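Here are some short exercises on reading a structure, each with a worked solution. Have a look at the sequence and the 3D view, try each task yourself, and then read on.

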There are 2 protein chains.
Amino acid sequence: MIILGVDPGFSFTGYCIASQQGSTLRLLDYGVLKLNPSKSLSERVGIFHDHMAERIVRHQVTAIALETSFLGKNAQSFLKLGYLRGILYLLADKHKAELMEFAPREVKMAVTGYGGADKEQIKTFLQRLFPQLNVEKLDLTDAIAITLCGLWKGPVDRRMRELYHAR
Amino acid sequence: MIILGVDPGFSFTGYCIASQQGSTLRLLDYGVLKLNPSKSLSERVGIFHDHMAERIVRHQVTAIALETSFLGKNAQSFLKLGYLRGILYLLADKHKAELMEFAPREVKMAVTGYGGADKEQIKTFLQRLFPQLNVEKLDLTDAIAITLCGLWKGPVDRRMRELYHAR
């Protein structure tokens, strides 16, 4: 399983690609994509698509993980966030990757063992796991946490679904 | 200008492709796309993408028109509507089509001359314009109205923008 975790946004998208073999966790790629607000919305959606598509192909991603989004103060921003999420659903379909979506509590639980963990606790945990990264400075806390949740919880969820359907 | 007007939705998407030369309005294609809810969300997004992409290429669409969506009772449905809208923004970018978005009032105004028109008035108008169609039965009122708004108001908006930038 090679997983791409994404924390999408028009001003700032964090992403992380990782895999795990046995107890070896490998961070294959990570970064931040900023979309130039002077470009049209269509162009920005196109750039987001191409950026993620290129990485999915290069790293042979087999699953994409997202955190469930909730409505904030601005309904139109929430709708536009849907544009980027829709692109990830499309890419999952086109590249035969599984799309996994997790509630924020599930992400926190998977990463720290406690669903009510705050951002600082998650940062501390990630910093220990990846001492070579400056997690704080890179602002990749959410993207890495979503990726790890996909790596660790995704297979468990899949087995649960299989068991359920086998009954 | 060959315009694709879309009224997107996971249960039901109405679309219409039209062009106008002089006073001759041509309806090139129209229809309804229903997505099978038993398929995964990624698959449905993929089917929506392919269906629209195929029509954009076949009819050499130069502009895509959408009506601005507003938050209804269900925020998660609103976010998912964003997935389909995002695909249309992507297709506009990939096929060098202009993406035009209109407020519901603008659509009503363009079609009936009155921004407060109700759905029945719009239906009556469209039925007169296209006597060969059963607008009511096809449930394409919104898609056709958005397409006509794009055909008639799109070029005016563009000239206004050009004038504004020329100053």
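**Exercise 1.** In which sense do E2(B) and E3(B) pair, and over how many bridges?

*Solution.* Keep in mind that you are looking at a predicted model.
Step 1: follow the two strands, E2 (residues 13–21) of chain B and E3 (24–33) of chain B.
Step 2: their pairing is antiparallel and runs over nine bridges.
Step 3: pick one bridge as a check; B:Thr13 has B:Leu33 in E3(B) as its partner.

**Exercise 2.** Describe how E1(B) pairs with its partner strands.

*Solution.*
Step 1: start with E2(B). E1 (residues 2–7) pairs with E2(B) in the antiparallel sense, with six bridges. Across this pair, B:Leu4 lies opposite B:Ile17.
Step 2: look at the connection. Five residues make up the hairpin that links E1(B) to E2(B).
Step 3: turn to E4 (residues 63–67) of chain B. Here the sense is parallel, and there are four bridges. One of the bridge pairs is B:Val6 with B:Leu66 in E4(B).

**Exercise 3.** Put the strands of the chain B sheet in order and explain which ones stand at the edges.

*Solution.*
Step 1: write down the order. The open sheet has five strands, E3-E2-E1-E4-E5, with mixed pairing.
Step 2: find the ends. Strands E3 (24–33) and E5 (98–102) of chain B each have a single partner strand, so each has one side without a neighbour in the sheet.
Step 3: add the twist. On average, neighbouring strands are turned by 20° against each other, with direction ignored.

**Exercise 4.** Work out how chain A and chain B are related.

*Solution.*
Step 1: recall the general idea. A rotation about an axis and a shift along it relate two copies of a chain.
Step 2: fill in the values. A turn of 180° and a shift of 0.0 Å along the axis lay chain A on chain B, with an RMSD of 0.0 Å.
Step 3: name the result. This is the relation of a two-fold axis.
Step 4: locate the axis. The C-alpha of chain A nearest to the axis belongs to A:Gly82, at 2.1 Å.

**Exercise 5.** Describe the interface between the two chains.

*Solution.*
Step 1: count the residues. Chain A gives 28 residues to the contact and chain B gives 28 residues.
Step 2: consider the area. Together the chains bury about 2100 Å², and 68% of this is on carbon and sulfur atoms.
Step 3: find the leading contributors. A:Leu79, A:Tyr83 and A:Tyr89 provide 26% of the area that chain A buries against chain B, more than any other three residues.
Step 4: compare the two sides. The copies meet through the same surface, because 100% of the interface residues of chain A are also interface residues in chain B.

**Exercise 6.** Find out how H2(A) lies against H1(B).

*Solution.*
Step 1: look at the axes. Those of H2 (residues 75–94) of chain A and H1 (residues 41–58) of chain B come within 8 Å and cross at roughly 90°.
Step 2: classify the angle. H2(A) and H1(B) are therefore roughly perpendicular to each other.
Step 3: list some residues that touch. From H2(A) they include A:Gly86, A:Tyr89 and A:Leu90, and from H1(B) they include B:Leu41, B:Val45 and B:His49.
Step 4: sort the contact by class. It has five nonpolar, four polar and four charged residues.

Conventions:
Residues numbered from 1 in each chain as written. Chains lettered and ligands numbered in written order. Predicted model: local features only at pLDDT ≥ 70, side-chain atom pairs only at ≥ 80, totals over all residues. Heavy atoms only, no water. Axes fitted to C-alpha atoms, helices over the stretch in contact; angles between N-to-C directions. Parallel < 35°, antiparallel > 145°, perpendicular 65-115°, else oblique. Contact = heavy atoms within 4.5 Å. Nonpolar A, V, L, I, M, F, W, Y, C, P; charged D, E, K, R; others polar. Least-squares fit on C-alpha atoms with pLDDT ≥ 70 in both. Pairing = 2+ DSSP bridges. Buried area = accessible area lost by both parts, 1.4 Å probe.
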